[in-house]
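Work through the exercises below with the sequence and the model at hand. Each task is followed by a solution in steps.

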Amino acid sequence: MSWFECKITYDKEISAEGKLKKVSESYLLDAETFTDAEARMTELMESRGAFTMDTVKKVRLSELFLDDKSERFYKAKVGFISLDEKAGVEKKKYVQMLVQADNFREALDNLNKGMKDTLADYEIAQLQETPIMDVFPYEVK
């Protein structure tokens with residue numbers, strides 16, 4: 001399975017009078033192919049009424065640290081440190097991770113909690129909030 005970021009645009013009701021505003025939202029979902037991602041996203045969003053699927057792109061994430069109580073998602077760039085025996089220098093291999101948290105400090109704490117059992121040395125090179133609204137892991141029907 002792979003992770004796909006899907007961006008949709010739809011008309012959202014923003015007032016009691018029924019005034020509509022066009023909004024774009026990004027979602028992350030687990031799927032086998034682009035076609036599967038598009039089909040699953042369509043199925044998940046059909047209750048919203050008419051919408052346009054703007055983009056479906058594959059996202060490389062090595063780990064997700066989800067917390068059902070939080071609303072925001074943060075992307076972390078984490079470097080794993082290894083020693084090159086021949087050259088005698090440290091090498092870093094960077095991976096992307098997604099952390100769910102309500103604020104930056106909580107995201108950093110959740111990331112460190114998730115990484116506490118990691119045997120390899122690592123450093124957090126970057127942590128930034130994403131526009132992702134929700135994550136939909138693959139569910140067997």
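**Exercise 1: the first hairpin and its neighbour**

In the hairpin formed by S1 and S2, six residues lie between the strands, and Gly18 has a positive phi near 90 degrees. The model is a predicted one, in which local features need pLDDT of at least 70 and side-chain atom pairs count only at pLDDT 80 or more, while totals for chains, interfaces and linings use all residues. Residues are numbered from 1 along each chain as its sequence is written, and side-chain values use heavy atoms, with hydrogens and water left out.

Task: state in which sense S1 and S2 pair, and which strand S2 joins in the parallel sense.

Solution.
Step 1. Helices (H or I, at least four residues) and strands (E, at least two) are DSSP runs, numbered from the N terminus. Two strands pair if DSSP finds at least two bridges between them.
Step 2. S1 and S2 are antiparallel, with 12 bridges. Glu5 stands opposite Leu28 in S2.
Step 3. S2 is also joined to strand S8 (residues 132-136) by four bridges, and these two strands run parallel. Tyr27 has Asp134 in S8 as its bridge partner.

**Exercise 2: the open sheet**

Task: derive the strand order of the four-stranded open sheet and say which strands stand at its edges.

Solution.
Step 1. Strand S5 (residues 72-84) pairs with strand S6 (residues 89-101) in the antiparallel sense over 13 bridges. Asp84 has Val89 in S6 as its bridge partner. The two strands form a hairpin with four residues between them, where Gly88 in the turn has a positive phi of about 70 degrees.
Step 2. Eight bridges connect S5 with strand S7 (residues 121-129) in an antiparallel arrangement; Ala76 is bridged to Leu127 in S7.
Step 3. S4 and S6 run parallel and are joined by three bridges. Here Phe65 has Val99 in S6 as its partner.
Step 4. The order is S4-S6-S5-S7, with mixed pairing. S4 and S7 are the edge strands: each has a single partner strand, so one side of each has no neighbour in the sheet. On average, neighbouring strands of this sheet are turned by 30 degrees against each other, direction ignored.

**Exercise 3: the helix on the sheet**

Task: which residues of H2 are buried, and which exposed residues does the face turned away from them carry?

Solution.
Step 1. Buried means under 20% relative accessible area, exposed over 50%, and partly exposed in between (1.4 Å probe, protein chains only). In H2, Ala107, Asn110 and Leu111 are buried. They lie on the same side of H2 because they cover an arc of only 100 degrees around the axis, the arc being that of the directions from the helix axis to the C-beta atoms.
Step 2. Arg105 and Lys113 are exposed residues on the face of H2 turned away from its buried side.
Step 3. The cover over the buried residues of H2 includes S4, S5, S6 and S7.
Step 4. At the start of H2, a side-chain oxygen of Asn103 comes to within 3.2 Å of the backbone nitrogen of Arg105.

**Exercise 4: two serines in loops**

Task: are Ser62 and Ser70 buried, partly exposed or exposed?

Solution.
Step 1. Ser62 is in the loop between strand S3 (51-59) and strand S4 (63-65). Ser62 counts as partly exposed because its relative accessibility is 42%.
Step 2. Contact means heavy atoms within 4.5 Å. Apart from its neighbours within four places in sequence, Ser62 is in contact with Val95, Gln96 and Met97.
Step 3. Ser70 belongs to the loop between S4 and S5. With 5% relative accessibility, Ser70 counts as buried.
Step 4. The side chains of Ser70 and Glu106 make a polar contact (3.0 Å). Such a contact is a pair of N or O atoms within 3.5 Å; within protein, one must be able to donate a hydrogen and the other to accept it, and residues adjacent in sequence count only if both atoms are side-chain atoms.
Step 5. Neighbours within four places in sequence aside, Ser70 is in contact with Gln100, Ala101, Asp102 and Glu106.

Methods. Axes fitted to C-alpha atoms, helices over the stretch in contact; angles between N-to-C directions.
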